[in-house]
Amino acid sequence: MSSRQEKFFPRCTPKNSGPQFRDTPPKRDTGIANEKDWGISLNEHVNESGVNVDGSTWYRESGEDFGENGLRCRWTKMGGQTHDGSSEWKETWWEKSDWSGYKELGVEKSGRNCDGDSWWETWREVLYQDEWSNLARIERSAQKQAKSGIENAGWYENWWEKYDAKGWTEKGAHKYGRLNEQSWWEKWGEHYDGRGSVLKWTDKWAETELGTKWGDKWEDKFFEGIGTRQGETWHVSPTGERWSRTWGEEHFGNGKVHKYGKSTAGESWDIVVDEETYYE
C-alpha cells in the first residue's frame, strides 16, 4: 500500500493550452490539476495527521472562509516530512468566488530534501469581468524557483497569459538561471490586439564570471501581412571587445521582402527578394 504522503503529493505539468472559445474559461489543464484527480475535496472540512511506517509524518487540513461581497474561499493544506526532518514538502490549494462572478483557482507548493535542494512554485487562474470594458477576462500566471544545496546553481521563472472575450491576448515570461560560474536570462512577449495586429519579441543573454557575455534578440510586428522583423546577435569578450550583427526585414504584403543588415566585422547586405510572408 502507498503511504499517505505519496497519496497527497501531486505533481503538475503545464500544457499551455489556450481556451476553446474566446469568451469561455480555459479547462483546468494549464498547470493546476483538478483536485478530484488527486483525491482532494475542497468541500470537506478535514484536520488530520499521521505517521507512516518509515517514520515520516504527514498532515492535511481543509476549510472554508467567507468575506465581503459574497466572497467564498475553500482551501486545502497538506504536507509532510521525513522522520529526521531533513526533507519536507508543503502544498496549499484554494478556490475563490464572489457575487460579481469573480473566480480564482490557485496552488502553492514548496519543499526541500536531504541534499539541501529547495523549490517553490505557485499557479493561479482568474476569471473576472473588466469594470471598464465590461468584457470577460481570463488571466493565468505562474512562478517557479529552485536552488541547489550542493553547488552554486538555481533558476527562477515567471510567466503569464491574459485574454479577453474579443480576442485581445498578452503572453510573456521572464526566466533566470545560474550554474556555478555561468548565468543566463531570457524574456519574451506576445501581444495580439484581436483585430489582426501582432507583436512578438524575445531577448536572451548570458555571461560568465570571467566577463564573457553574449546574447540574441528579435522582434516581429505585423498587421494583415505587412510588417517588419529585426534582431541582433552580439558577443563581448573578457577584454571588452564587442562583436555584433544586426538584421532587419520589411514585408510589403505583395510577395516582396526587403532584407538588410550589417556587422562589426564589416559584413553588410541590402536586397529585395521574392518571398512569402508567414507569421502567427
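Visitor: How many of the 10 residues of strand β3 (residues 72–81) are buried?
Guide: Strands are DSSP runs of E of at least two residues and helices are runs of H or I of at least four, both numbered from the N terminus. Buried means under 20% relative accessible area, exposed means over 50%, and partly exposed lies in between, with a 1.4 Å probe and protein chains only. By these terms strand β3 is mostly covered, and the number of its 10 residues that are buried is seven.

Visitor: What kind of model is this?
Guide: Residues are numbered from 1 along each chain as its sequence is written, and side-chain values use heavy atoms, with hydrogens and water left out. Local features need pLDDT of at least 70, side-chain atom pairs count only at pLDDT 80 or more, and totals for chains, interfaces and linings use all residues; the model is predicted.

Visitor: How many strands does the protein have?
Guide: The protein has 280 residues, of which 34% count as buried. Beside one helix, the number of strands in the protein is 16.

Visitor: Which residue in the turn between β2 and β3 has a positive phi?
Guide: Two strands pair if DSSP finds at least two bridges between them, and strand β2 (residues 57–66) runs antiparallel to β3, with 10 bridges joining them. One of the bridge partners is R72 in β3, which is matched with F66. The two strands form a hairpin with five residues between them, and the turn residue with a positive phi of about 55 degrees is N69.

Visitor: Which residue in β4 stands opposite T76?
Guide: β3 is also joined by 10 bridges to strand β4 (residues 88–97), and these two run antiparallel. Their hairpin has six residues between the strands, with G85 in the turn taking a positive phi of about 75 degrees. Opposite T76, in β4, stands W93.

Visitor: What is the phi of G211 in the hairpin of β11 and β12?
Guide: Strand β10 (residues 182–192) pairs with strand β11 (residues 197–208) in the antiparallel sense over 11 bridges, and G194 in their hairpin takes a positive phi near 85 degrees. β11 in turn is joined by 11 bridges to strand β12 (residues 213–223), again antiparallel, with S197 and F223 as bridge partners. The hairpin of β11 and β12 has four residues between the strands, and there G211 takes a positive phi near 110 degrees.

Visitor: Why is the pair of W185 and W205 called stacked, and what is the angle of their planes?
Guide: Rings of Phe, Tyr and Trp (its six-membered ring) pair if their centres lie within 6.5 Å, and planes under 30 degrees apart count as stacked, over 60 as edge-to-face and the rest as tilted. A search of the whole structure finds three aromatic pairs. The rings of Y176 and W185 have centres 5.5 Å apart and planes at 45 degrees, so this pair is tilted. The rings of W185 and W205 have centres 5.7 Å apart, and the pair is stacked because their planes stand at 10 degrees.

Visitor: Which residues do the ring pairs link into a cluster?
Guide: Y176 is partly exposed at 31% relative accessibility, and W185 is partly exposed with a relative accessible area of 25%. W205 likewise has a relative accessible area of 25% and is partly exposed. The cluster that the ring pairs link is made of Y176, W185 and W205.

Visitor: Which side chain does E139 join in a polar contact of 2.8 Å?
Guide: E139 is found in strand β7 (residues 136–147) and is partly exposed, with a relative accessible area of 24%. Contact means heavy atoms within 4.5 Å, and, leaving out residues up to four places away in sequence, E139 touches R124, E125, V126, Y128, E161 and K162. A polar contact is a pair of N or O atoms within 3.5 Å; within protein, one must be able to donate a hydrogen and the other to accept it, and residues adjacent in sequence count only if both atoms are side-chain atoms. The side chain joined to that of E139 by the polar contact of 2.8 Å is Y128.

Visitor: Is T169 buried or exposed?
Guide: T169 is found in strand β9 (residues 169–179), and a polar atom of its side chain lies 3.2 Å from the backbone oxygen of G167. Beyond its neighbours within four places in sequence, T169 is in contact with K162, Y163, E190, H191 and Y192. Its relative accessibility is 10%, so T169 counts as buried.
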